[in-house]
Amino acid sequence: MNILVYTNFGLGDIIMATPAVSILYDAGHNITFLCEDTERGIIEENWIEVLTYSRFYQQAHLEQIKSSLKDRKFDVVLLTVPSNNSEGSFVFRPKECLLLHYEDEPQQRFSHHTVELNGWLAQKILNCNIHEYRLGKQRAINNCRNKDVLFHIGAQNSFWRYKAFPLDLYRQIMFFLKEQEFICKIIGDAKQRIYAQMFRGVAEDFTCIPLSSTKQLMLEAFAFVGNDCGPSHLASALYLPTISFFGPTRWDLTGAWPINVKRNRYIQATVPCSPCVRTKNIEICNNPICHSSVSFKDFDREWNEILKYRQECK
């Protein structure tokens, strides 16, 4: 089958969709991946076709993509959705599929209608180890060539502002790591540069670099520290040990996968209202006490587990 994968929900959800994509690829299907141009570097293009559109000119760019796909027919269109289900698979929604193609004549763009395959895919993935990411033909291996610890500090957008934990916590962590002769590096997009400037002298600025360069940093780093974010999923996909903080979100639903291995560590806020991501509280909370419930002591406990894991890998 010819399959179009259309992703528009962000870095983490694209990565969490790759187990399903790799299974379909291994079954002999032709995969075309459509994502934002800033996310092109996630999926290596040595195994599937990748098309992109611009975040800032999405409608105009989509029109160009429609034109380029005019004579192509896809048997199935897969839409990635936010990973708030335990399978982390796909939901197929025909109405959304039609947004990509010509709304007035959708049947001419597909061999048949988008079908409900969610149950089949979920079962297939679960049977084939759902937690195995694949960003290219070969499985990534973390080489740990240096003592770099990568940080992602802020939230990706204003809605997830409560994913961003206090700067004092990160500062304490960085000073601690620096005393242990680790090198702290802040990664992320342009929104993370302000944090790199705040931590100048304590951490190096590696924001606003191509995703391919970020991936290379992760392939050689010692560990990743940050909030519930896309880079944590990318780090896990590249077999880099992670420590992630969770306030409004749940570590067992949106944490870096797989969740049952020693290299991925999670620190969930210990207050009654956490997690609140499935409630309206997240939209009106003016006092995110979940942040203050996480301490350096929590980090130190999980950091020691990362050190044990690294020692075992030698």
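**Exercise 1. Helix H8**

How many of the eight residues of helix H8 (residues 230-237) are buried, and why can the helix be described as largely enclosed by the rest of the structure?

*Solution.* The structure is a predicted model.

Step 1. List the residues. In H8, Gly230, Pro231, Ser232, His233, Leu234, Ala235, Ser236 and Ala237 are buried.

Step 2. Draw the conclusion. Eight of the eight residues are buried, so H8 is largely enclosed by the rest of the structure.

Step 3. Inspect the residue that follows. Just after H8, tyrosine 239 takes a positive phi of about 65°.

**Exercise 2. The chain as a whole**

Describe the protein chain by its secondary structure, burial, contacts and surface.

*Solution.*

Step 1. Secondary structure: the protein chain has 12 helices and 10 strands.

Step 2. Burial: of the 314 residues in the protein chain, 52% are buried.

Step 3. Contacts: among those in the protein chain between residues at least 6 apart in sequence, 65% join residues at least 24 apart.

Step 4. Surface: the accessible surface of the protein chain is about 14900 Å², and carbon and sulfur atoms account for 51% of this area.

**Exercise 3. Helix H7 and its surroundings**

Determine how helix H7 (residues 211-220) is placed relative to H8, and identify the elements against which its buried residues pack.

*Solution.*

Step 1. Geometry. H7 and H8 pack at an angle of about 55°, and their axes are 9 Å apart.

Step 2. Classification. An angle between 35 and 65 degrees falls outside the parallel and perpendicular ranges and counts as oblique. H7 and H8 are therefore oblique to each other. The crossing of H7 with H8 is right-handed.

Step 3. Contact residues. From H7, Leu211, Thr214, Lys215 and Met218 meet Pro231, Leu234 and Ala235 of H8. By class, the contact of H7 with H8 comprises five nonpolar, one polar and one charged residues.

Step 4. Burial in H7. Leu211, Thr214, Lys215, Leu217, Met218 and Leu219 are the buried residues of H7. These buried residues pack against S5, strand S6 (183-188), strand S7 (204-207) and H8.

**Exercise 4. Helices H5 and H12**

Characterise the packing of helix H5 (residues 167-179) with helix H12 (residues 296-313).

*Solution.*

Step 1. Geometry. H5 and H12 pack at an angle of about 45°, with a separation of 10 Å between their axes.

Step 2. Classification. H5 and H12 are therefore oblique to each other. Their crossing is right-handed.

Step 3. Contact residues. H5 contributes Leu169, Gln172, Ile173, Phe176 and Leu177, while H12 contributes Phe296, Phe299, Asp300 and Trp303. By class, the contact of H5 with H12 has seven nonpolar, one polar and one charged residues.

**Exercise 5. Two acidic residues**

For aspartate 148 and glutamate 39, establish whether each is buried or exposed, and name its contacts beyond four places in sequence.

*Solution.*

Step 1. Locate aspartate 148. This residue is found in strand S5 (residues 148-152).

Step 2. Assess its burial. The relative accessible area of aspartate 148 is 4%. The limit for a buried residue is under 20%, so aspartate 148 is buried.

Step 3. Name its contacts. Apart from neighbours within four places in sequence, aspartate 148 is in contact with Ile183, Lys185, Ala221, Phe222 and Ala223.

Step 4. Relate aspartate 148 to H7. Methionine 218, a buried residue of H7, lies 70 residues from aspartate 148 along the chain, and their C-alpha atoms are separated by 8.9 Å.

Step 5. Repeat for glutamate 39. This residue is in the loop between strand S2 (30-36) and strand S3 (49-53). With a relative accessible area of 9%, glutamate 39 is buried. Neighbours within four places in sequence aside, glutamate 39 is in contact with Gly10, Leu11, Ile14 and Leu211. Leu211 is also among the H7 residues that meet H8.

**Exercise 6. Two cysteines with positive phi**

Where are cysteine 144 and cysteine 208 found, and what is the phi of each?

*Solution.*

Step 1. Recall the general expectation. Most residues other than glycine have a negative phi.

Step 2. Examine cysteine 144. This residue is found in the loop between helix H4 (118-127) and S5. Its phi is near 45°, a positive value in a residue other than glycine. Cysteine 144 counts as partly exposed, at 24% relative accessibility.

Step 3. Examine cysteine 208. This residue is found in the loop between S7 and H7. Its phi is near 60°, again a positive value in a residue other than glycine. Cysteine 208 counts as partly exposed, at 39% relative accessibility.

Technical notes. Residues numbered from 1 in each chain as written. Predicted model: local features only at pLDDT ≥ 70, side-chain atom pairs only at ≥ 80, totals over all residues. Heavy atoms only, no water. Buried < 20%, exposed > 50% of the residue type's maximum accessible area, 1.4 Å probe, protein only. Helix = DSSP H or I, 4+ residues; strand = E, 2+ residues; numbered from the N terminus. Contact = heavy atoms within 4.5 Å. Areas by Shrake-Rupley, 256 points an atom, 1.4 Å probe, with all protein chains shown as cover. Axes fitted to C-alpha atoms, helices over the stretch in contact; angles between N-to-C directions. Parallel < 35°, antiparallel > 145°, perpendicular 65-115°, else oblique. Left-handed = near helix turned anticlockwise from the far one by under 90°. Nonpolar A, V, L, I, M, F, W, Y, C, P; charged D, E, K, R; others polar.
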